[in-house]
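Trainee: I should like to go through this model with you, beginning with its sheet and ending with its ligand.

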Amino acid sequence: MSQSVRFEDKVVIITGAGGGLGRAHALLFAKQGAKVLVNDLGGSTQGEGANASAADRVVAEIRDAGGTAVANHDSVTDGDKLVQHAMDAFGRVDVVVNNAGILRDKTFHKMEDADWELVYRVHVEGAYKVTRAAWPHMREQNYGRVIFTASTSGIYGNFGQSNYGMAKLGLYGLTRTLALEGRKNNILVNAIAPTGGTRMTEGLIPPQVFEQLKPELVSPLVVYLASENCQDTSGLFEVGGGWMGKVRWERSLGVGFDPRAGFSPEDVAEHFQQICDFEGAAHPKDNIEALKEMMGNLQKYAL
Ligand SMILES: NC(=O)c1ccc[n+]([C@@H]2O[C@H](COP(=O)([O-])OP(=O)(O)OC[C@H]3O[C@@H](n4cnc5c(N)ncnc54)[C@H](O)[C@@H]3O)[C@@H](O)[C@H]2O)c1
């Protein structure tokens with residue numbers, strides 16, 4: 001029998017939910033019974049300006065459909081205000097979906113400090129501020145779900161997106177540690193790397209494909225990850241166009257040299273192919289597992 005994924009009495013904050021992916025998430029959360037704080041500053045894709053109407057429109061859509069939502073127009077960099085607003089309106093915070101984002105695409109050669117900093121501030125600092133403010137409430141109630149929005153541009157790199165890629169993979173680094181720290185308080189933390197036809201990707205994706213990559217196709221995974229049904233934490237999921245899959249680190253078996261005897265750059269050169277050979281590769285789940293090979297090498301050559 002299929003399980004129902006419901007959010008009665010649960011309060012969900014979705015940042016950047018005035019359009020695109022965030023709007024689709026907000027509508028689905030509300031449909032599944034959540035009380036939703038629809039946050040959006042309402043600026044441009046480049047992070048300029050502000051406009052309350054984006055969040056207001058989504059709240060009106062939710063209410064018209066019989067759901068419960070309030071609009072919030074703060075910047076995610078004022079995360080404490082956003083969380084306070086949810087507390088004032090609904091009395092608790094169960095889920096944070098960090099989705100707000102901007103682009104300042106430029107090749108690294110042309111990158112200016114302002115482009116680097118603004119992208120960092122909205123994606124990384126913004127997600128930090130909102131999550132940091134929600135964290136004590138989640139700890140106290142012994143329940144929480146946090147979703148970070150990463151990107152394939154962070155995982156694989158993308159020409160002209162050094163600032164964005166840095167920020168997006170940074171959020172996955174944050175995911176991994178918060179998953180460890182949150183576990184004992186039943187706070188589960190996952191990240192998605194979505195693809196959707198939104199204003200952010202308009203003109204970058206061929207129009208026919210753009211039409212098919214509906215934002216709504218990303219939201220069911222986000223809603224599931226944010227639910228009580230989900231017990232997974234620390235995950236990274238690529239999702240879009242109706243498809244979704246999980247990503248993990250893979251590391252070659254590597255090569256161990258004798259640390260006492262020493263080894264040279266020439267030794268590294270000679271073994272480089274083997275160092276990079278993924279045949280029989282390992283998939284360390286945590287730091288301890290990751291360090292096993294290294295410690296094994298020390299032991300192997302210990303006196
Ligand atoms: N669309 C894709 O294919 C894709 C791919 C990878 C990652 N993403 C990520 O998904 C998220 C949603 O992007 P989207 O494609 O829906 O684009 P979008 O531009 O439609 O949505 C981003 C929203 O964030 C809001 N926002 C920006 N700065 C804000 C701030 N300081 N405070 C509050 N709100 C702010 C914007 O007003 C906008 O409504 C972003 O984090 C983006 O980087 C999208």
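**Sheet, domains and ligand shell**

Mentor: Let us begin with one pair of strands in this predicted model: strand 1 (residues 11-14) and strand 2 (residues 35-39) run parallel, joined by 4 bridges.

Trainee: Which residue of strand 2 is the bridge partner of Ile13?

Mentor: Strand 1 and strand 2 are linked by 4 bridges. Within this pairing, the partner of Ile13 is Leu37.

Trainee: Which residue in strand 3 stands opposite Leu37?

Mentor: Strand 2 also pairs with strand 3, in the parallel sense and over 5 bridges. Opposite Leu37, strand 3 places Val70.

Trainee: Through which helix does the chain cross from strand 2 to strand 3, and what is the hand of the crossover?

Mentor: The connection is a β-α-β crossover that passes through helix 2 (residues 53-64). Its hand is right-handed.

Trainee: Which strands stand at the edges of the sheet, and why is one side of each left without a neighbour?

Mentor: The sheet is open, with 8 strands in the order 3-2-1-4-5-6-7-8 and mixed pairing. Each edge strand has a single partner strand, so one of its sides has no neighbour in the sheet. These are strand 3 (68-72) and strand 8 (243-247).

Trainee: What is the average twist from one strand to the next?

Mentor: The sheet in question has the strand order 3-2-1-4-5-6-7-8. From one strand to the next, the twist averages 20°.

Trainee: What separates the centres of domain 1 and domain 2?

Mentor: The domain assignment gives domain 1 as 11-247 and domain 2 as 249-303. Taken over C-alpha atoms, their centres are separated by 37 Å.

Trainee: Which element gives the most residues to the shell around the ligand?

Mentor: The ligand is surrounded by 33 residues, the closest being Gly16, Gly20, Ala100, Gly101 and Thr198. Two elements give two or more residues to this shell, helix 1 (20-31) and helix 4 (113-140). The greatest contribution, 3 residues, comes from helix 1.

Trainee: How many residues of the shell are nonpolar, polar and charged?

Mentor: The shell around the ligand holds 33 residues. They divide into 9 nonpolar, 22 polar and 2 charged.

Note on methods. Residues are numbered from 1 along each chain as its sequence is written. This is a predicted model: local features need pLDDT of at least 70, side-chain atom pairs count only at pLDDT 80 or more; totals for chains, interfaces and linings use all residues. Two strands pair if DSSP finds at least two bridges between them. Axes are lines fitted to C-alpha atoms, for helices over the stretch in contact, and angles run from 0 to 180 degrees between N-to-C directions. Domain bounds come from an automatic or database domain assignment. A residue is near a molecule or strand if its C-beta atom, placed from the backbone, lies within 6 Å of it. Ala, Val, Leu, Ile, Met, Phe, Trp, Tyr, Cys and Pro count as nonpolar, Asp, Glu, Lys and Arg as charged, and the others, Gly among them, as polar. A crossover is right-handed if, with the strands pointing away from the viewer, the path from the first strand over the helix to the second runs clockwise.
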